[in-house]
Amino acid sequence: MSSLTFAYLAEPVLKGVDFALQKGAIGLLGPNGSGKTTLLRCLLGQVPLGRGHVEVLGWDMATRARAARAGLGWMPERGGVIPGMSGVGLVAYMGELSGLPSRDAMQRAHEVLHYVGLADERYRSCQDYSQGMKQRLKLAQALVHDPEWLFLDEPTSGLDPRGRVSVLELIRDLAWNKGLGVILSTHLLADVEAVCHEILVLRAGELLARQAVDGHTRQARQVFEVEGFGNEESFIAGLRDLGCEFEQDGRLLLVTLDLSRMPEARRETGFDATAGVTAILEVAAARDYALRRLRRRPVSLAEEFYRMVEA
Amino acid sequence: MPVYERGYTHWQPSGRRARPAWLVIARRGIVEPLRRRWLFLLILAAWVPAIFKGGIIYAKLKAGNILDLMGGGWTSIEPEGFLRFLEGQRFFVFVLLAITGAGLIATDRRENGMSLYFSRPLGLVDYIGGKALTVVFFYCLVTLLPVCALCVFAYLISPGAVGAELLLGTPLRALVYCLLAGTSTSLVLLAFSSLGTRSIFVMVWWTLLVTGTDAVGGIAEGLLHKGGIQVVNFLGQYHNAASLLFASPRRLAGVSPWVSLAVVTAWTALALWVLRRRIRPVEVVS
């Protein structure tokens, strides 16, 4: 996707979005209204593209979207369960619409419904399904034609904790063990942490960041919790020389260290926090400050996400 | 390996031929309503006039022209007689289409089904074509099929002189008429269906269009004594235009069949325009 710009009724929704993805589990994060669903719809060729170029599975989505869709599975957030059909009927129907022969579609429908855990409920009318079953059914219809990529829009929306875990397990299995590419659009950061290895962060239609899910642990700015006794003023002055920032959290001193100033901390995949630990230990030893506690404060994906979005 | 022992497996193509998407959509649209028993009863009821006409044709051919007094033009085995039969099926066409066609697009819109359809390798033409074929099927089930059955029946019991017209001419006229009128009617009904999300509202609009325009045309004609006002009569235009095809002298008062043909074409074009605008995978809310 290059320089994609898209607008609904002259209201810009995506602004110059630019990325290329390899198969894997990709999390699409962003606050409500940031353009996540629209981005997925552009990837599906469901909306007329504005400026820019979108290519999926080697097909230009402006002209050959239908051909590309044969290799894509889509699980919408809202609705998507056609009433009056049984679970297996709906999934087989969607399989046939995806280009599967009738008998193959029915066979695949049984297989994928078993895979998502709806084998016993497959002949029931899908109108009577619970929310969790409907989500599984939507996942099954997205899988029936064995797509190369799955686009999932809020797949755990409305599920109880148990249902959520089991759906996430299925998605993780598909992405990590079955070789399917998955784009998971959600605002639930825990879902992304559980499934994805890479995230795209959207804000107000712009691609704000793209990084590995554990990338925040290798970032330049690291926070350390420090507690000790001795000449604290001298210790703080020494750390200030390193360019640290300080914040008091009860008895703890929170030291924010910018590792980008330390060439020895730079690694190919990011920054190594052990270099920061060594630097702080050296300052403490030099300034006669006995450390009782020194620990890098873990930064959750949520903290990192909010920092990025609110920046 | 049994299904219950498998996890997710990749699909291995079997080499069988897949149906085109429009046919898959049409097949589902036809099969689903036929599961309702009462719809079967309605279709059977729609065949009662054909059975009655068949009986009269039999009696007429066997008992001579005495029975002309009984049925008049309606019992005729000339094309005119079959056109009148098709006109007589108007009520069943109206009811059956309302039941089977009103929810075809409205339900998809209500349940976000469009998003599912258009995430598959199909286009607008496949979608509309499949839905329209569903309606045309039910249309033909109570119009074209009885006419063809009656023609064959009349041919079997009639002297050979009328055979060519009965076996070829009339069924062909009926086929052309039913396909054109059925397609046009189905597109108009689908356009209504695409405007709403509830079948019941679509049925109300459909009823207003069919019976309302008929009533308005009749009342206005009675009050103003102007035949041309019948141009507002929706289904009347189809039968009026068909008088060209069936070489029938019976026409709507003051409305040329060519005008009716133009009106029907305009309705169809309007319906296509509405469908093109309304059928989208994404709802755009201003």
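Helix 12 of chain B supplies three residues to the lining of the largest cavity, which is the largest share. The model is a predicted one. Its structure contains two cavities of 30 Å³ or more, and the largest cavity encloses about 70 Å³ of space.

**Lining of the largest cavity**

- The lining is formed by B:L86, B:Q89, B:R90, B:V93, B:Y139, B:T143, B:Y177, B:T185, B:L235, B:Y238 and B:H239.
- Two or more of these residues come from each of helix 5 (90–101), helix 10 (163–195) and helix 12 (234–245) of chain B.
- By residue class, the lining of the largest cavity comprises six nonpolar, four polar and one charged.

**Empty space in general**

- Where empty space is left is shown by rolling a probe the size of a water molecule over the atoms.

**Fold and contacts of chain A**

- Chain A has a secondary structure of 10 helices and 17 strands.
- Among the contacts in chain A with a separation of 6 or more, 67% link residues 24 or more positions apart.

**Burial and surface of chain A**

- Of the 311 residues in chain A, 52% are buried.
- The exposed area of chain A is about 13,600 Å².
- Carbon and sulfur atoms contribute 48% of that exposed area of chain A.

Definitions and conventions
Residues are numbered from 1 along each chain as its sequence is written. Chains are lettered from A and ligands numbered from 1 in the order in which they are written. This is a predicted model: local features need pLDDT of at least 70, side-chain atom pairs count only at pLDDT 80 or more; totals for chains, interfaces and linings use all residues. Side-chain values use heavy atoms; hydrogens and water are left out. Helices (H or I, at least four residues) and strands (E, at least two) are DSSP runs, numbered from the N terminus. Buried means under 20% relative accessible area, exposed over 50%, partly exposed in between (1.4 Å probe, protein chains only). Contact means heavy atoms within 4.5 Å. Accessible areas come from the Shrake-Rupley method with a 1.4 Å probe; for residues, only the protein chains shown count as cover. On a 1 Å grid over the protein atoms alone, a cavity is a set of points where a 1.4 Å probe fits but cannot get out, and a pocket is an open set with protein on both sides within 12 Å along at least five of seven lines; lining residues have an atom within 4 Å of a point. Grid points are joined across faces, edges and corners, and a volume is the space filled by probe spheres set on the points. Ala, Val, Leu, Ile, Met, Phe, Trp, Tyr, Cys and Pro count as nonpolar, Asp, Glu, Lys and Arg as charged, and the others, Gly among them, as polar.
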